[in-house]
Amino acid sequence: MTISTEIDSVIRDLQRQVCDLHAELVRYQLVIWTAGNVSARVPGRDLMVIKPSGVSYDSMTSDQMVVCDLDGELVDGDLAPSSDTAAHAYVYRHMPEVGGVVHTHSTYATAWAARGEPIPCVLTMSADEFGGDIPVGPFAMIGDDSIGRGIVETLRHSRSCAVLMRNHGPFTIGRDARAAVKAAVMVEDVARTVHISLQLGAPAAISAADVGRLYDRYQNVYGQQPSSHSVIQEG
């Protein structure tokens, strides 16, 4: 399979974005050494851009980001793709609304994954971002699409954009790669704060009705909204 010139510039932009977003994982201390990965779907194509396997974050460049199809096969690039490529590809094949996938081994979220315990929704920020508890996915072996199947099966029944894969770590999804990275940052912050709250006592759960209201507001109202002044009137 070859990359046509009409999408070449789109892919190059995504390679730069994906490379830059890996620096955010380092900035927020979500990864160590060469662990973790970010990918982005190529809009309108059965392709994705993902980090190559085993490349150091401090030497990573955008032209090293590889292009794979949604079966996880290398389409363009000189390096082998991430060992989690099959998992990312499975998510894109089965969740067409997803434009970005992130995996980290961030300390607190991974500790919850090791316990096999969902992170309870006891914080408004958790209700905002994840719409309830952050669920736990099944144990799955690395290297094929088993992890991807676990992610999809778990998130299909949840509003959450994060899943704690048992004995492994968090995977997050988003409408694009940046949103998935944001979710990875948020899941670690929530995991740490809830862990600390448990050391102090029993945190109070937020009611399901309030979680729903918080989630709806954050997803649909929070942030800058289009202004009527920005609409150009004709005639």
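This text walks through one pocket and two helix pairs in a predicted model.

Start with the largest pocket. Its volume is about 660 Å³. The lining counts 24 residues. Nearest the pocket's centre lie Glu129, Arg175, Ala179, Lys182 and Gln219. Three elements each give at least two residues to this lining. They are strand S8, spanning 169-174, helix H6, spanning 177-200, and helix H7, spanning 208-220. The chemistry of the lining is mixed: 10 residues are nonpolar, 7 are polar and 7 are charged.

Now follow helix H6 away from the pocket. H6 lines the largest pocket, and H6 also packs against helix H3, residues 107-115. The angle between H3 and H6 is about 70°, and their axes are 7 Å apart. Angles from 65 to 115 degrees count as roughly perpendicular, so H3 is roughly perpendicular to H6. The crossing of H3 with H6 is left-handed. On the H3 side, Thr107, Tyr108, Ala109 and Trp112 make the contact. H6 answers with Val187, Glu188, Ala191, Arg192, Val194, His195 and Leu198. Sorted by class, this H3 and H6 contact holds 7 nonpolar, 2 polar and 2 charged residues.

Turn next to the second helix pair. Helix H2 covers residues 85-94, and helix H5 covers residues 146-155. Their axes also sit 7 Å apart, but here the packing angle is about 40°. That value falls outside the ranges for roughly parallel, antiparallel or perpendicular, and H2 and H5 are therefore oblique to each other. H2 and H5 cross in a right-handed sense. From H2, the contact uses Ala87, Tyr90, Val91 and His94. From H5 come Ile147, Gly148, Arg149, Ile151 and Val152. By class, the contact of H2 with H5 has 6 nonpolar residues, 2 polar residues and 1 charged residue.

Set the two pairs side by side. H3 passes H6 in a left-handed crossing, whereas the crossing of H2 and H5 is right-handed. H3 and H6 meet at about 70°, and H2 and H5 at about 40°. When you trace these elements in the structure, H6 links two parts of this account: H6 supplies residues to the pocket lining and takes part in the contact with H3.

Methods:
Residues are numbered from 1 along each chain as its sequence is written. This is a predicted model: local features need pLDDT of at least 70, side-chain atom pairs count only at pLDDT 80 or more; totals for chains, interfaces and linings use all residues. Side-chain values use heavy atoms; hydrogens and water are left out. On a 1 Å grid over the protein atoms alone, a cavity is a set of points where a 1.4 Å probe fits but cannot get out, and a pocket is an open set with protein on both sides within 12 Å along at least five of seven lines; lining residues have an atom within 4 Å of a point. Grid points are joined across faces, edges and corners, and a volume is the space filled by probe spheres set on the points. Helices (H or I, at least four residues) and strands (E, at least two) are DSSP runs, numbered from the N terminus. Ala, Val, Leu, Ile, Met, Phe, Trp, Tyr, Cys and Pro count as nonpolar, Asp, Glu, Lys and Arg as charged, and the others, Gly among them, as polar. Axes are lines fitted to C-alpha atoms, for helices over the stretch in contact, and angles run from 0 to 180 degrees between N-to-C directions. Angles under 35 degrees count as roughly parallel, over 145 as roughly antiparallel, 65 to 115 as roughly perpendicular and the rest as oblique. A crossing is left-handed if the near helix is turned anticlockwise from the far one by less than a right angle, and right-handed if clockwise. Contact means heavy atoms within 4.5 Å.
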